[in-house]
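The following exercises concern the arrangement of helices and strands in one protein chain. Please work through each task before reading its solution.

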Amino acid sequence: MRAVENVSLQLARGETLGLVGESGCGKSTLGKAILGLLAPDAGEIYFNDTKISGLKQKALLPFRKKLQAVFQDPYSSLNPRMNVFEIVAEGLLVHENISGREARKKVSEILNEVNLDDNCLNRYPHEFSGGQRQRIAIARALVLNPEYVICDEAVSALDVSTQAQVVNLFRKFQREKNLGYLFISHDLNVVKYISHRIAVMYLGEIVELAAAADIAEKPLHPYTKSLFSSIYDIESRKKERVILKGEVPGIVNKPSGCYFHTRCTEAVAKCKVSKPELRKISEGHIVACHLSGN
């Protein structure tokens, strides 16, 4: 079984790359592979010009400081046996040669930046709301001044008002610290709002990648059209929904040709036997479809 296959992405400093697709297509697995939490069987991962895939733990340690993560469920990603200071300071004490007093000062500063005060330093995760826990998770990720952050469904467990606060925090830190985000999410409205570019994944393959506005307003791949037609737009209520029929094919026995042809309303004979390659349609816009751009 191949969980992810033939994915090639680049992420720049100060950029947010949204990654969307159905459950099981490989988004989270890809994020974990980039973080080094899963070892890829093939392929290469580069941090700037340094290949980090395949590095031993000791050699990988300096890059962990520069590449952090915010996970979906802050209740399970925060250690319930550690208080807030211990959670946020753990990375500092591992990566930097600082005293406990200096660590406490840095933790207080980053907590203030995510709108939490010093009164929470000795409290435990179960004493906070979901939104507050996610702010703690963000503080833990940012206290080391990383260059890139993998956000894996980082706002999906939050209510709408808290989502907005957390997303605006992400944007604030991006402006101030020139952070790059790989933003994995099912919430297309949030992805469209926060991303500079969006990549659409289907069964472990990138089927379309373009600027966020182009993907949302002028999608070319039939799968992308279906995804973004599901967004309710109050200004264009007559937008036609593209309803997919059938189930996502099994990842063990993927279809021949284009993986999407079994559910595609536009498929032709060629789609069943020939796998489309990603090709450039316009500047910054690539798509894997036999029909797009013809």
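**Exercise 1: Helices across the sheet**

Helix α10 (residues 222-229) lies across β1, β7 and β8, running at about 110° to β7. The model is predicted: local features need pLDDT of at least 70, side-chain atom pairs count only at pLDDT 80 or more, and totals for chains, interfaces and linings use all residues. Residues are numbered from 1 along each chain as its sequence is written, and side-chain values use heavy atoms, with hydrogens and water left out.

Task: Determine which strands α7 lies across.

Solution. Helices (H or I, at least four residues) and strands (E, at least two) are DSSP runs, numbered from the N terminus. Contact means heavy atoms within 4.5 Å. Axes are lines fitted to C-alpha atoms, for helices over the stretch in contact, and angles run from 0 to 180 degrees between N-to-C directions. On this basis, α7 lies across β1 (16-20), β4, β5 (148-152) and β6, and runs at about 155° to β6.

**Exercise 2: The sheet**

Task: State the strand order of the open sheet and identify the strands at its edges.

Solution. Two strands pair if DSSP finds at least two bridges between them. The 8 strands follow the order β4-β5-β6-β1-β7-β8-β10-β9, with mixed pairing. At the edges stand β4 (67-70) and β9 (279-282); each has a single partner strand, so one side of each is left without a neighbour in the sheet. Neighbouring strands are turned by 20° against each other on average, direction ignored. As an example of pairing, β8 and β10 (residues 285-287) are antiparallel over 2 bridges, and L209 stands opposite I286 in β10.

**Exercise 3: The faces of α7**

Task: Establish where the buried residues of α7 fall when seen down its axis.

Solution. Buried means under 20% relative accessible area, exposed over 50%, and partly exposed in between (1.4 Å probe, protein chains only). The buried residues of α7 are T162, Q163, V166, V167, L169, F170, F173 and Q174. They fall within an arc of 150° (taken from the directions from the helix axis to the C-beta atoms), so they line one face of the helix. The face turned away from this buried side carries the exposed residues V160 and R175.

**Exercise 4: Positive phi**

Task: Decide whether N178 and L203 are buried or partly exposed.

Solution. N178, in the loop between α7 (160-177) and β6 (180-184), has a positive phi of about 55° although it is not a glycine. At 38% relative accessibility, N178 is partly exposed. L203 lies in the loop between β7 (197-202) and β8 (205-211), with a positive phi near 50°. At 4% relative accessibility, L203 is buried.
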